[in-house]
Amino acid sequence: MAYFYESVSRTFSEYIMIPNLTTKDCFTDNVKLRTPLVRYKKGEEPEFCLNVPFASAIMQSVSNDTLAIALAKSGGISFIFCSQPIESQCEMVSRVKKFKAGFVISDSNLKPDDTLEAVIEMKNKTGHSTMAVTSDGTSAGKLMGVVTGRDYRLSRDDVKKKVSEFMTPLDKLITGKLGITLKEANDKIWDNKLNSLPIIDDSGNLAYFVFRKDYDDHKDNPEELLDDEKRYFVGAGINTRDYKDRVPALIEAGADILCIDSSDGYSQWQEDTVRWIRAEYGDSIRIGAGNVVDAEGFRFLADAGADFVKVGIGGGSICITREQKGIGRGQATAVVEVAKARDDYYKETGIYVPICSDGGIVHDYHIVLALAMGADFIMMGRYFARFDESPTKVIKLGNNYVKEYWGEGSNRARNWQRYDAEDKTLKFEEGVDSYVPYAGKLKDNLSKTLSKIKSTMCSCGSINIKELREKSRIALVSSTSLVEGGAHDVILKDKSDF
């Protein structure tokens, strides 16, 4: 006979936070949102943490290199979507790793006998105005000079003019020696009023560039998520089909962490994938798995070796898995049960495996509820799809500006690899094709969301996520209580009147 759960499957909208004592140290500037990203042993610190508890979903319409850079600047992480050829996914990962400042490997390089026409083509291709001129045109060749926008004028110079005729030659450049620290390099940039500093080895070969703009950028983004080489942190999605080819390529490209993208993670396909990665790479490669909605699914993936487990089936705004297949669970109920399973697992084994709540977020306060219920961090698709940095274009629809947003289970995505199907077709859709309201820049919107989260945490007497879990008091709400909680029984003014 089938097993029947006695508890109702509930969503975040069915709950509300009850205020706790707000102590004098509970002010928003004092709230820290740092949270573990990967498993760790009791008494040890996790190898990777997020500075804000956000990850962007493994989706074509959400997580590309531009979104990954913007989110890493703010302290979160993106997982570059895997429903694309291995080569193009690796290229996106590589662009994120090369973008960050610190010691940057040059990917805009010229030879002395190249022409101004080549400079223009390079700038159009990469968007970079500073280009290294090396003996062989590679990023590690002997440095001959540098070309910037100040070295030529398109209105006066012939496009056939050779780079050697207008570049700033090596003997007029200020350079740094390989081994210089980032602080020393930045000091040299400031002392000499430079925009960039080439770093060369003892043989005169180019090693890196250090850019002035990156120093300024860091000051504007104190929560940046960086690796040991001061490059932006980036994740990548994988599937359970071509992982033996995709994983090595993503590692070579510089991916910091991987995550299996699947609608249902409680499967032997995922177990095989995780165990293969462990056998090939040990603990040097970090891998997330999911999605699951109960304690059994969590323990299955934790035992397989997953570094974090994603929770949620059918709760995404474009996901219709529950409607089509009748499987899933209310996101709040799923998070609560899996969080308890994680805590039990920690008590039994001494290993803490973080959980990621994926889906079900409609309002910003739902994020606080998810964290209070036990999630270590939150994965969102619709939220990030609205921003300038996501892959899709801004479209005018009627009188509104929108961006396209589609599910990985839709026919448009054609992402059959995320399902345990024998053929390479989608028999039916588990996701829809839609629009989301255009919202502008990620940083501006995320800043507002973080302000709400921190303010709510202060009202609950907490200044970090651990305290929030321990101190939170959560109550069910009725449908009429939801109505009461918004504006009601008034005539709202039209903002256009002001």
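How many aromatic pairs does the count come to? In this predicted model, the count comes to 16 aromatic pairs. One of them joins Tyr-243 and Trp-276, whose ring centres lie 5.5 Å apart. Since planes over 60 degrees apart count as edge-to-face, and the planes of these two rings stand at 70°, the pair is edge-to-face. Tyr-243 belongs to helix α7 (residues 243–253) and Trp-276 to helix α8, so that the pair links distant parts of the chain, 33 residues apart. Both helices reappear below, each with a packing partner.

Helix α7 is a convenient place to begin with the helix pairs. Two packed helices are described by the angle between their axes and the distance between the axes. For α7 and helix α2 (residues 86–99), the axes come within 8 Å and cross at roughly 25°. Because angles under 35 degrees count as roughly parallel, α2 is roughly parallel to α7. The crossing of these two helices is right-handed. On the α2 side, the residues that meet α7 are Ile-86, Gln-89, Cys-90, Val-93, Ser-94 and Lys-97. Their counterparts in α7 are Asp-245, Arg-246, Ala-249, Leu-250 and Ala-253. Sorted by class, the contact of α2 with α7 holds 6 nonpolar, 2 polar and 3 charged residues.

The other partner in the aromatic pair, helix α8 (residues 268–281), packs with helix α9 (residues 295–304). Here the angle is about 25° and the axes are 9 Å apart; α8 and α9 are therefore roughly parallel to each other. Helix α8 passes α9 in a right-handed crossing. From α8, Gln-268, Gln-270, Glu-271, Val-274 and Arg-275 take part in the contact, and from α9 they are met by Phe-300, Leu-301, Asp-303 and Ala-304. The class count for the contact of α8 with α9 is 4 nonpolar, 2 polar and 3 charged residues.

Attention now turns to the sheets. Strands of a sheet pair through backbone hydrogen bonds, either parallel or antiparallel. In one open sheet, 3 strands follow the order β11-β12-β13, with mixed pairing. The edges are taken by β11 (176–177) and β13 (206–211); each has a single partner strand, so one side of each is left without a neighbour in the sheet. Helix α5 (residues 182–191) packs on this sheet and touches β11, β12 and β13, its direction making about 65° with that of β13. The pairing of β11 with strand β12 (residues 196–200) is parallel and runs over 2 bridges. Within this pairing, Gly-176 has Ile-199 in β12 as its bridge partner. The loop between α5 and β12 holds Lys-193. What is the phi of Lys-193? Although Lys-193 is not a glycine, its phi is positive, at about 55°.

Another open sheet has 3 strands in the order β21-β22-β23, and its pairing is antiparallel. Its edge strands, β21 (394–397) and β23 (433–437), each pair on one side only. On average, and with direction ignored, neighbouring strands of this sheet are turned by 50° against each other. Strand β21 is joined by 4 bridges to strand β22 (residues 400–406), and the two run antiparallel. Ile-395 stands opposite Val-402 in β22.

One further backbone detail deserves a look on the model. Which peptide bond is cis? The bond from Gly-290 to Asn-291 is cis, with omega near 15°. Asn-291 itself lies in strand β16 (residues 287–292).

Notes: Residues are numbered from 1 along each chain as its sequence is written. This is a predicted model: local features need pLDDT of at least 70, side-chain atom pairs count only at pLDDT 80 or more; totals for chains, interfaces and linings use all residues. Side-chain values use heavy atoms; hydrogens and water are left out. Two strands pair if DSSP finds at least two bridges between them. Contact means heavy atoms within 4.5 Å. Axes are lines fitted to C-alpha atoms, for helices over the stretch in contact, and angles run from 0 to 180 degrees between N-to-C directions. Angles under 35 degrees count as roughly parallel, over 145 as roughly antiparallel, 65 to 115 as roughly perpendicular and the rest as oblique. A crossing is left-handed if the near helix is turned anticlockwise from the far one by less than a right angle, and right-handed if clockwise. Ala, Val, Leu, Ile, Met, Phe, Trp, Tyr, Cys and Pro count as nonpolar, Asp, Glu, Lys and Arg as charged, and the others, Gly among them, as polar. Rings of Phe, Tyr and Trp (its six-membered ring) pair if their centres lie within 6.5 Å; planes under 30 degrees apart count as stacked, over 60 as edge-to-face and the rest as tilted.
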